[in-house]
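Please open the model in your viewer and keep the sequence beside it, since this tour moves from one selection to the next and says at each stop what is there.

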Amino acid sequence: MKSRQILAVPAFLWFGLFVLVPLLIVVVISFSTRGTYGGIEWNWTLENYHNAFSWTYLGILFSSLILAVFTTASCAVLGILMSWAMSTAPSKNRHFYVSAVVLPFLTNLVIRIYALRVFVGYRGPLQATLNFLHIPFDPFVLSQNKFLVLYGMVTTYLPFMVLPLYGAFEKFDFSLVEAAQDLGAGPWKILFSVILPNLKKALLSGVLLVFIPSLGEYVIPDLLGGAKNMLYGNLITEQFLKARHWPLGSALSVLMLCLLLGVTFLYYRGLGAKNVE
Amino acid sequence: MLEILNIGKSFSRQTALKSVNLSIAEGEFFSLLGPSGCGKTTLMRIIAGLESATEGRILLNGERIEHLQAAERPFNMVFQKYSLFPHMTVGQNIAYGLNLKKLSKDEIEGRVAEILSLFEMSDFRQRMPETLSGGQAQRVAIARALVNRPKVLLLDEPLSALDQKLREHMQKELRTLQQKLGLTFIYVTHDQEEALIMSDRIGIMNKGELVQVSSPREIYENPETIFASQFLGATSLLQGELVEISQDLATVRLSDGSLVRGKFNIPSDQIRLGMSLDTYVRKAMVFNRLESQVFGIRDK
């Protein structure tokens with residue numbers, strides 16, 4: 001072993017102890033049985049997986065996927081526009097913009113989402129204003145809906161899209177745009193044939209950084225979505241915390257993990273195949 | 001063929017170009033020469049349509065084109081840093097403009113192959129730009145512009161990133177190509193030697209103004225301004241006293257008593273013997289005798 005590789009040991013230890021081992025525990029639990037009072041009984045069974053594949057849970061998984069896809073797509077469009085504007089701004093302003101993007105991280109996610117909930121909530125500033133202007137509305141629909149969930153997700157995950165794209169845009173040579181203009185390309189043609197291909201790597205890593213956590217997100221839908229908007233993340237949380245059905249929760253977790261690993265794998269393989277072309 | 005009439009460009013505070021007038025003939029190799037910041041690149045970008053002029057007109061064969069977008073003008077440009085599309089092969093780079101023109105596949109294929117063989121780059125068709133050397137990338141950049149058969153090819157300091165030897169080689173190659181195909185080139189450079197070697201005519205620019213437009217020989221031998229003479233070659237400034245004038249030659253006595261003789265550019269009504277003068281001396285391009293090396297005498 002080369003001396004430099006020793007430096008990697010802490011990382012491997014950390015990964016092994018705090019990621020791999022807990023994951024293995026989850027996998028093991030997913031094959032166990034729920035005790036009468038919510039404990040774990042070590043009777044091996046596949047029943048949890050049988051339940052996890054029931055239509056109800058698959059439906060929840062499907063709506064989570066839809067939400068994650070919408071979140072990722074919105075973040076990608078907004079992120080491209082934002083990072084484009086940021087990277088072409090005068091250089092003295094760029095630091096300010098980058099800090100502005102990172103600024104929300106200084107406040108805890110739950111507090112940020114709660115603030116949003118208070119803002120749109122019963123007797124909050126939004127509803128008070130609408131009342132004042134005599135605009136009729138349904139206070140419950142207004143304070144808890146799918147659009148709010150999407151809004152919360154997009155604002156939360158946008159920085160993960162903007163930062164890699166900003167880095168790519170900063171390195172992007174804008175004379176390529178002029179070259180394309182000169183050769184006769186219109187704005188859309190330039191966007192799709194010159195700009196986006198050169199941002200591909202950053203865009204793809206941004207997409208993964210947004211898609212993966214937004215598929216498992218449970219705080220935002222819980223606070224902004226209300227009882228009607230159950231997502232996969234909430235489902236898993238409920239199994240562990242409320243229903244005390246750890247084996248089923250574990251099975252659901254393993255299922256989602258496999259899905260995400262599969263998506264990531266296909267994603268990178270598709271990428272590799274394209275690069276060979 | 002191409003006429004530039006009173007083209008001016010001013011930003012909120014400064015003026016980049018002051019009413020430039022220029023006429024370029026078909027098949028001409030025209031160089032815009034000047035120090036950095038003189039406005040030569042701005043002028044070229046206005047011709048290309050990448051920037052808009054704040055005043056003036058551009059005529060191509062008598063038709064106004066200044067309102068056209070870069071994409072609509074029958075000109076193509078070779079950029080200083082080549083600006084090849086890094087995600088496309090050499091062949092795709094060259095075909096980019098032709099694809100946009102919606103030509104048939106056979107036509108595109110034929111023209112790409114033709115231009116590649118012209119530049120002796122046929123073996124590089126599938127290569128990615130990052131694997132090319134500077135000279136190869138340069139050829140591809142020129143091929144990508146020329147394949148569209150532009151009425152005018154605009155070149156923005158295309159050789160400045162190459163080393164001396166390669167630069168000299170490419171200078172010859174470009175000039176030969178231009179003459180062989182009868183193309184119209186507008187060439188921006190800050191390298192006097194390059195401009196003098198390659199061009200049919202040179203326009204010298206300084207501080208947003210076109211100060212002189214002449215053939216290389218004319219501009220070298222009879223620079224109309226001190227700026228032009230200084231810019232066109234290593235000059236030494238000598239101070240002395242005017243002692244004799246005969247025809248078009250002036251003799252100046254320097255402080256150590258030695259005499260130099262050469263052309264002068266002072267209006268005859270301002271000239272008088274005994275006046276104190278700035279004398280510019282420089283190594284001559286064609287002549288080698290000391291007498292011929294003096295020129296450009298200015299009233300102090």
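Begin by selecting Glu173(B) and Arg139(B), whose side chains meet in a salt bridge with an N to O distance of 3.1 Å; bear in mind throughout that this is a predicted model. Colour the chain by secondary structure and you will see that the pair links distant parts of it, with Glu173(B) in helix H5 (residues 164-181) of chain B and Arg139(B) in helix H4 of chain B, 34 residues apart. Are the two partners buried or exposed? Glu173(B) is partly exposed, because its relative accessible area is 26%, whereas Arg139(B), at 16%, is buried, the cut-off for buried being under 20%.

Next, extend the selection to the whole of helix H4 (residues 134-146) of chain B, which lies across E6 and E7 of chain B and runs at about 175° to E6(B). From those two strands you can move out to the sheet, an open one of six strands in chain B with the order E6-E7-E8-E3-E9-E10 and mixed pairing. Its edge strands, each pairing on one side only, are E6 (75-78) and E10 (209-214) of chain B. On average, and with direction ignored, neighbouring strands of this sheet are turned by 20° against each other.

Within the sheet, select residues 152-156 and 185-189 of chain B, that is, strands E7 and E8, which pair in the parallel sense over four bridges. To see a single pairing, pick Leu155(B), whose bridge partner in E8(B) is Tyr187(B).

Now turn to another charged group, starting from Glu51(B). Its side chain meets that of Arg45(B) in a salt bridge of 2.7 Å, N to O, and it also meets the side chain of Lys9(B) in a salt bridge of 3.8 Å, N to O. The pair of Glu51(B) and Lys9(B) again links distant parts of the chain, 42 residues apart: Glu51(B) sits in the loop between helix H1 (40-48) and strand E4 (55-60) of chain B, while Lys9(B) belongs to strand E1 (residues 2-10) of chain B. Glu51(B) counts as partly exposed because its relative accessibility is 22%; Lys9(B), at 10%, counts as buried, and Arg45(B) is buried too, with a relative accessible area of 15%.

As a last stop, show the salt bridges of the whole structure, of which a search over all chains finds 14.

Methods: Residues numbered from 1 in each chain as written. Chains lettered and ligands numbered in written order. Predicted model: local features only at pLDDT ≥ 70, side-chain atom pairs only at ≥ 80, totals over all residues. Heavy atoms only, no water. Pairing = 2+ DSSP bridges. Axes fitted to C-alpha atoms, helices over the stretch in contact; angles between N-to-C directions. Contact = heavy atoms within 4.5 Å. Salt bridge = Lys/Arg side-chain N within 4 Å of Asp/Glu carboxyl O. Buried < 20%, exposed > 50% of the residue type's maximum accessible area, 1.4 Å probe, protein only.
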